[in-house]
Amino acid sequence: MSWLAERLAALTAHPALAPLRRRWSLLPPFAQHLFKSLLIGSVAAAVLSFARPYVPGLAGAETTATDWAIKFWQDRFDISHTTDERFVFFDIDERTYRAWGEPLFVPRDKLLELIRFAAEAPANLVVVDVELAKHVPLGGRAASVSPSRTEPSDPVDPDLALTAYLRRYAARSQQTPGGTQSHASFPHIIFARTIGPRAPSDATLEGSSPAAALREERPSEFLEDVVSVSKVLHWASPLSDRDDDGLVRNWRLFEPTCLDRAPHAIPSMALLSWAVLRTPMMSQGAFSPAAFEEELRRRFAPPSATCVQAGASPVASTTFSSEPWVLYDGTLRKRLVLSSRPSDLEQRIFYKFQTSTSLVDLFSRVPALLITERSTRPLSPELVAGKTVVIGSSYEAGKDLHQTPIGEMAGAMVVINQINALMEFGQFQEVSRGIRWAGLLALIMIFSLSFSFFTTTWGAQVSTLILNAVLLPLSLWLFQYGWWLDLVFPLFVLQAYQKFIDMDVNPPPVIRRHRHAN
């Protein structure tokens, strides 16, 4: 700092600046110090802005600030102003898991009952966060689906019975008695796609870079043919990002993958749910889930060469674009940006619901046992009619529990929060650059006045108090609408400002001079 101060003093002593120095000497000491403070604050802000990605501790402090804001709004009240979306969680909890005999996989006959109950209510959307890649043979265990809920042609094997039901469901969804297509009574059903890393032999190709980050979709052994040709049944990715501290903070709105050695891209369960419910405008024409998924593949599928085995002939090249795809949410009046390089803020999940959440009008949890086991007081379909139903598990042996900024929750609860975040808030966006810099310059003016009227220590304390009293409430208020006004960066600017101020002489003794005059 002393070296920098000496260099600045030598620069200002240059003969070419003599006229400017004479005019500067005519200013009162207080004005001189105020202008110096403004210049120092502006320089500190500009330097930190350019060096922002490399400032130690800044990214971690911003993450901590957003975590705190999420916890502040959690369960506080209904802040939904633009959507009536309501969620019901069919929870395969510990009690249900034990009542079902602690199976290795979720029993498909039980899953069929859960799907049937939600679809025939009808729900607004059904999301199934259950692994369905492997066919589980009957193995001598009798299927427990109620005979009154099956058709004579249904097979005994639970997996095949689920396949038969979904095939009929997809066929019936295409026609009404009038022969027209209607999905009002047949909600879309989204299934979790099993996605894993590439096989070791496929990790690299001769003369190409490693593809360790690329993932491979695992086709279902019994549902693939049914879902792939249906307009109301879909696969989607359940993957999320886990930070270095083990917390799931960010979603992955789509996943570039390989499927059957061919380039592919699959939307996340949250993104596809948002698209089905919001039907965003598309340049190709009227929205349809199939058109949306096809456009996503066209834009973000990986290069063909990365999906073939070493020595194999690649399939026809796939167009790969790194340009973002901007969609518009007419309800929120906000953009949704899909990019292969999203910013950290664009991926942040606004967690609102926990299993024990008190927002009963927005979210409710129903143990799956209450639906699959016959009782004297069966649940009414009105419980889920017109709502988004997510089927998932929270029992410990399922290994689907995740740490989040608001505590541990099941994977299905993460999915619910992701869907709600997109529907209610959209992607988090920073306020415009012009507003940020105008506000920052106003704060620098406040810093300068504080350091000019008071000593350095008192100036720092007064500036911090004003910053917290103004910026903190404003940032929290904007946060509930999906906008982020960074309160961490101005604090770092204040710290840098104080360091630069220490290079200069002490502020002019304005207060002391008045005391001597008295």
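The exercises below, each with a worked solution, concern a predicted model.

**Exercise 1.** Determine how the span of helix H4 compares with the expected one, and list which of its residues are buried.

*Solution.* Begin with the limits of the helix: H4 covers residues 58–73, which gives 16 residues. Next take the distance from the first C-alpha to the last, which is 23 Å and lies close to the 22 Å expected at 1.5 Å a residue. Then turn to accessibility, where the cut-off for a buried residue is under 20% relative accessible area. In H4 the buried residues are Leu58, Glu62, Thr63, Ala65, Thr66, Asp67, Ala69, Ile70 and Trp73. In reading such a list, it helps to recall that an α-helix has 3.6 residues a turn, so residues three or four places apart point the same way.

**Exercise 2.** Work out the strand order of the sheet that contains S4, and describe how S9 and S10 pair and which helix lies across them.

*Solution.* The sheet is open and is formed by 4 strands in the order S4-S5-S9-S10, with mixed pairing. Its edges are strand S4 (194–197) and strand S10 (262–267), each of which pairs on one side only. From one strand to the next, the twist averages 45 degrees. Moving to the pair at one end of this order, strand S9 (residues 254–259) and S10 run in the antiparallel sense over 6 bridges, and Phe254 has Pro267 in S10 as its bridge partner. Finally, the helix that lies across S9 and S10 is H10 (residues 289–300), whose direction makes an angle of about 125 degrees with S10.

**Exercise 3.** Find how many cavities of 30 Å³ or more the model holds, and identify which strand gives the most to the lining of the largest cavity.

*Solution.* The count comes to 1 cavity of 30 Å³ or more, and the volume of the largest cavity is about 30 Å³. Its lining consists of Trp274, Asp329, Leu332, Lys334, Arg335, Leu336, Leu422, Gly426 and Gln427. Strand S12 (residues 334–338) gives the most to this lining, with 3 residues.

**Exercise 4.** Explain why Leu369 counts as buried, and establish which residues Leu369 touches beyond four places away in sequence.

*Solution.* First place the residue: Leu369 belongs to helix H11 (residues 369–372). Leu369 counts as buried because its relative accessibility is 12%, and the cut-off is under 20%. Leaving out residues up to four places away in sequence, Leu369 touches Arg95, Thr96, Ala99 and Trp100. For one of these, Thr96, the C-alpha atom is separated from that of Leu369 by 5.2 Å, although the two residues are 273 residues apart along the chain.

How values were computed:
Residues are numbered from 1 along each chain as its sequence is written. This is a predicted model: local features need pLDDT of at least 70, side-chain atom pairs count only at pLDDT 80 or more; totals for chains, interfaces and linings use all residues. Side-chain values use heavy atoms; hydrogens and water are left out. Helices (H or I, at least four residues) and strands (E, at least two) are DSSP runs, numbered from the N terminus. The expected span of a helix is 1.5 Å times one less than its number of residues. Buried means under 20% relative accessible area, exposed over 50%, partly exposed in between (1.4 Å probe, protein chains only). Two strands pair if DSSP finds at least two bridges between them. Axes are lines fitted to C-alpha atoms, for helices over the stretch in contact, and angles run from 0 to 180 degrees between N-to-C directions. Contact means heavy atoms within 4.5 Å. On a 1 Å grid over the protein atoms alone, a cavity is a set of points where a 1.4 Å probe fits but cannot get out, and a pocket is an open set with protein on both sides within 12 Å along at least five of seven lines; lining residues have an atom within 4 Å of a point. Grid points are joined across faces, edges and corners, and a volume is the space filled by probe spheres set on the points.
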